[in-house]
Structure formats: C-alpha cells, structure tokens
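Thanks for coming, everyone. Let me put the sequence and the model on the screen, and then we'll walk through it.

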Amino acid sequence: MARKISTDDGRAALAAVTAGDAPARTDLATAVRYLLQLLAEKAPGNSVEVRVPPFGAVQVLEGPRHTRGTPPNVVETDATTWIALATGTLGWRDAVAAGRILASGTRADLTALLPLRP
C-alpha cells in the first residue's frame, strides 16, 4: 500500500460505506484500503497476500517470504465481502462456504485475525 490512510479518513469512509446507501467509489476504495492497512498492522509479514481488486492488496503474516510470481498463500475477495469480514458482519467460514472468498495455500485462513473492527 502506497499511502497511509489516517484513522479519521478511514473511519469516515467506512461509515459512508456501511450507511446502507450506494457508496461513492472513492469511499469504497478508501474503506477497503483502510481495512487492509489495519490487517497489515495487526499481522505484519509476507507469507499471505490478501487481494481486494481493484482497490488494494497487502502481504501479511510472518512466515516464508514470497518474492516473484503468484504467492503460495493468497486470499482474494470483492470489496463488499472484505468490508463485511473486516467489520464482523460476515464470518470467514460463511464467506468461504458461499464462495465469496478465493483462498489458496495452507496459511490462507484469516479466521483468527478477523474481525478487525468488532
């Protein structure tokens, strides 16, 4: 992630997105990036890549470092699912069962790290 999102900006964007109306794309992008930033702060490392296209991706969890090509441990989901997981309105197992998460690799289970904001 290139630019650190301030807590105030992140919380404002998250509030706008979770208000129930159709959020502005900029609010959606900021909320996703803010929550990815929180995940990276909570679980620093480089063994799992968490992707939320087209808004962002971070590498998290200590362990074997990946440097080229597709990492062995990848989690990918859409913005709405990521926000729901990170805020606790959707559980990891439910999202996986519904096919809302693509997870590959032995370390690609974020159950213990979520939610970020209960």
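Which helix does T7 lie in? T7 sits in helix α1. One caution before we go on: this is a predicted model.

Stay with T7 for a moment. T7 is partly exposed, because its relative accessible area is 41% and the partly exposed class runs from 20% to 50%. Now look across to L38. T7 and L38 are 31 residues apart in sequence. In space, their C-alpha atoms are 9.7 Å apart.

Next, the sheet. It is an open sheet of 4 strands. The order is β2-β1-β3-β4, and the pairing is mixed. Which strands are at the edges? Those are β2, residues 56-60, and β4, residues 101-104. Each of them pairs on one side only. On average, neighbouring strands of this sheet are turned by 20 degrees against each other, direction ignored.

Zoom in on β1 and β2. They pair in the antiparallel sense, over 6 bridges. One residue pair to pick out here: V52 has G56 in β2 as its bridge partner. Helix α2, residues 25-42, packs on the sheet. α2 touches β1 and β2. The direction of α2 makes about 160 degrees with that of β1.

On to the core. As a general point, nonpolar side chains tend to be buried together in soluble globular proteins. Here, the largest nonpolar core has 37 residues. Which residues have the most contacts inside it? They are L35, V50, W82 and L110. At least two core residues come from each of α1 (7-18), α2, β1, β2, α3 (79-87) and α4 (92-97). Helix α2 gives the most, with 9 residues.

Take L110 as an example. Leaving out residues up to four places away in sequence, L110 touches L39, V50, L61, V75 and W92. V50 turns up again there, and V50 is itself among the core residues with the most contacts.

Now the charges. How many salt bridges does a search of the whole structure find? The search finds 3.

Start with K4 and E41. They form a salt bridge, and the closest N and O atoms are 3.0 Å apart. This pair links distant parts of the chain. K4 is in the segment before α1, E41 is in helix α2, and 37 residues separate them. K4 counts as exposed because its relative accessible area, 62%, is over 50%. E41 is partly exposed, at 44%.

The other salt bridges meet at R51. R51 lies in strand β1, residues 44-52. E49 forms a salt bridge with R51, with the closest N and O atoms 2.6 Å apart. The side chains of E76 and R51 meet in a salt bridge too, at 3.7 Å, N to O. That second pair links distant parts of the chain. E76 is in strand β3, residues 74-77, R51 is in strand β1, and they are 25 residues apart. Put together, E49, R51 and E76 are linked in a network of salt bridges.

Is E49 buried or exposed? E49 counts as buried, because its relative accessibility is 15% and the cut-off is under 20%. R51, at 23%, is partly exposed. E76 is partly exposed as well, at 26%.

What else surrounds R51? Its contacts, leaving aside neighbours within four places in sequence, are G56, A57, T70, P71, V74, V75, E76 and T77. For a sense of distance, take S104: R51 and S104 are 53 residues apart in sequence and 12 Å apart in space, C-alpha to C-alpha.

Last stop, S47. S47 lies in strand β1. Is S47 buried or exposed? S47 is buried, because its relative accessibility is 2% and the cut-off is under 20%. Where does its side chain go? The S47 side chain reaches the backbone oxygen of L61 at 2.9 Å. The S47 side chain also makes a polar contact with the side chain of R107, at 3.1 Å. Beyond four places in sequence, S47 is in contact with V60, L61, E62, G63, P64, N73 and R107.

To recap strand β1: R51 lies in it, and S47 lies in it too. R51 belongs to the salt-bridge network with E49 and E76. S47 has its polar contact with R107. That's my tour. Over to you.

How values were computed
Residues numbered from 1 in each chain as written. Predicted model: local features only at pLDDT ≥ 70, side-chain atom pairs only at ≥ 80, totals over all residues. Heavy atoms only, no water. Buried < 20%, exposed > 50% of the residue type's maximum accessible area, 1.4 Å probe, protein only. Contact = heavy atoms within 4.5 Å. Pairing = 2+ DSSP bridges. Axes fitted to C-alpha atoms, helices over the stretch in contact; angles between N-to-C directions. Core = buried A, V, L, I, M, F, W, Y, C linked by side-chain atoms within 4.5 Å. Salt bridge = Lys/Arg side-chain N within 4 Å of Asp/Glu carboxyl O. Polar contact = N/O pair within 3.5 Å; in protein donor to acceptor, adjacent residues only side chain to side chain.
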